[in-house]
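Me: I have a protein model open and would like to learn how its labels are earned. Could you take me through some of them, one at a time?

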Amino acid sequence: MQFGRNTRFASAVGLVLGLLCAVEAAKVNKHKPWIETTYHGIVTENDDKVLLDPPLIALDKDAPLRYAESFEVTLTKEGEICGFRIHGQNVPFEAVVLDKSTGEGVIRAKGPLDCELQKEHTFTLQAYDCGEGPDGANMKKSHKATVHIQVNDINEYAPVFKEKSYKATVMEGKQYDSILRVEAVDADCSFQFSQICSYDIVTPEVPFTVDKDGYIKNTEKLNYGKERMYKLTVTAYDCGKNRASEDVLVKINVKPTCKPGWTGFNKRIEYEPGTGSLPLFPSVHLETCDEPITSIQANIELETNHIGKGCDRDTYSEKALHKLCASATKLDGGPCPTDNGHDSDQVFEFNGTQAVKVPEGVVSTSLKEPFTVSVWMRHGPGAHDKETVLCNSDKTGMNRHHYSLYVHNCRLILLLRQEPTETENYKPPSSTGSWT
């Protein structure tokens, strides 16, 4: 019996010693920590929390079971995860162990991130266990895992127009598919927040519209007489509904309808005799209305205001006089049209029963100064009748001529009567030439 009791005691001691040996053996750091080979993460700029897929957990086979049969076993440092280490230059992230016993950890940003500066980050990561013994000697590390982190954008920037202002010119009466394009940009890094989704004309009640791409067109035909220039204020919105930081001014000028032809010259030019040469068309311009030109033909015709008169001359040329006669038409004693439509000297036709009264002041009643009377005429069939061309008569009865130019019996006669003050001075009629 005594031997037997000693035998049972020895067996119990052996079992305890075996367990202690097992615990001591478990303290040997045989294995490396294990982590996934690749991680993908998302972080929002201006935030530090990184969402990883899969979660960051390091495992180590040196970690003992929490319970062995009915005996509780204390966890050892060899099975714990003491840290994560990030490799790479200027990596703005750090890895932190949350629970050494489970190996759970997180990755977080060291400071605010800017998606506009860098949208993605890639680096490597390793896990470290706590090593052997109290001083953590013989610490082991896992393989290197690759970590890809994408920085999500926030809508922090507003659209900005590329130009300070826009301007265009349109022709009145024309409907345009596009007059001009305004364009804004956004500094946000994401497609959603950096894209301009719409434009809007802020100015009310204007005959224009703008589409989502910034093209402006008129909604009705414009009238130069009604409005020569329109001023529009246009704004832009990104796809996150942020409005432009500053609206932009658009000026649209309206031009009158274009007519091809010569411009920049005067139809009438005043010239003083003896002043030398005078440029006729120093600023002449051919308006083509943006149409292609294959050939140009120009004719220039110079005319004076006086019928049948040349430049700087007061007498009619024979050729010009005949031209007047040929162009005259009967107007029952009234004036006939002048040559080339100019309102200057006039042509008259008389049938012997009527005359045209010359207003006072046009011709002097006294012919004391030297004078010239220039006439071209064709007389009627009554060759023996007196045909008066010009005369100055008494106002009462008009039966006494003070002077008269007339044709009588194939002679052209100028008659000068004496004036009342010239009591003894008589002037006979003079024959100025033969009439053929």
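Reply: Happy to! Keep in mind that this is a predicted model. Let's begin with one residue: N90 counts as exposed.

Me: Why is N90 called exposed?

Reply: The label needs a relative accessible area over 50%. N90 has a relative accessibility of 77%, so N90 counts as exposed. You can find N90 in the loop between β5 (81-87) and β6 (93-99).

Me: What makes the phi of N90 worth a look?

Reply: Its sign. Most residues other than glycine have a negative phi. N90 is not a glycine, yet its phi is positive, at about 55°.

Me: And what about E205: how do you know whether E205 is buried or exposed?

Reply: We use the cut-offs again: buried means under 20%, exposed over 50%. E205 comes to 84% relative accessibility and therefore counts as exposed. E205 sits in the loop between β14 (196-201) and β15 (208-210). Its phi is positive too, about 55°, although E205 is not a glycine.

Me: Why is the peptide bond from D53 to P54 singled out?

Reply: Most peptide bonds are trans. The bond from D53 to P54 is cis, with omega near -5°. P54 belongs to the loop between β2 (51-53) and β3 (67-68).

Me: How do you know that β8 and β9 are paired?

Reply: Two strands pair if there are at least two bridges between them. Strand β8 (residues 120-129) and strand β9 (residues 145-152) have six bridges, in the antiparallel sense, so by that rule they pair. For one example, T124 has T146 in β9 as its bridge partner.

Me: Which strands make up the open sheet, and in what order?

Reply: The open sheet has five strands in the order β2-β1-β9-β8-β5, and the pairing is mixed.

Me: What makes β2 and β5 edge strands?

Reply: β2 and β5 each have a single partner strand, so one side of each is left without a neighbour in the sheet. On average, neighbouring strands of this sheet are turned by 30° against each other, direction ignored.

Me: Now for the whole protein: how many helices and strands does it have?

Reply: The protein has three helices and 26 strands.

Me: What share of the residues is buried?

Reply: Of the 436 residues, 25% are buried, which means that each of those falls under 20% relative accessible area. As for the accessible surface of the protein, it comes to about 30,300 Å², and 52% of that belongs to carbon and sulfur atoms.

How values were computed:
Residues are numbered from 1 along each chain as its sequence is written. This is a predicted model: local features need pLDDT of at least 70, side-chain atom pairs count only at pLDDT 80 or more; totals for chains, interfaces and linings use all residues. Side-chain values use heavy atoms; hydrogens and water are left out. Helices (H or I, at least four residues) and strands (E, at least two) are DSSP runs, numbered from the N terminus. Buried means under 20% relative accessible area, exposed over 50%, partly exposed in between (1.4 Å probe, protein chains only). Accessible areas come from the Shrake-Rupley method with a 1.4 Å probe; for residues, only the protein chains shown count as cover. Axes are lines fitted to C-alpha atoms, for helices over the stretch in contact, and angles run from 0 to 180 degrees between N-to-C directions.
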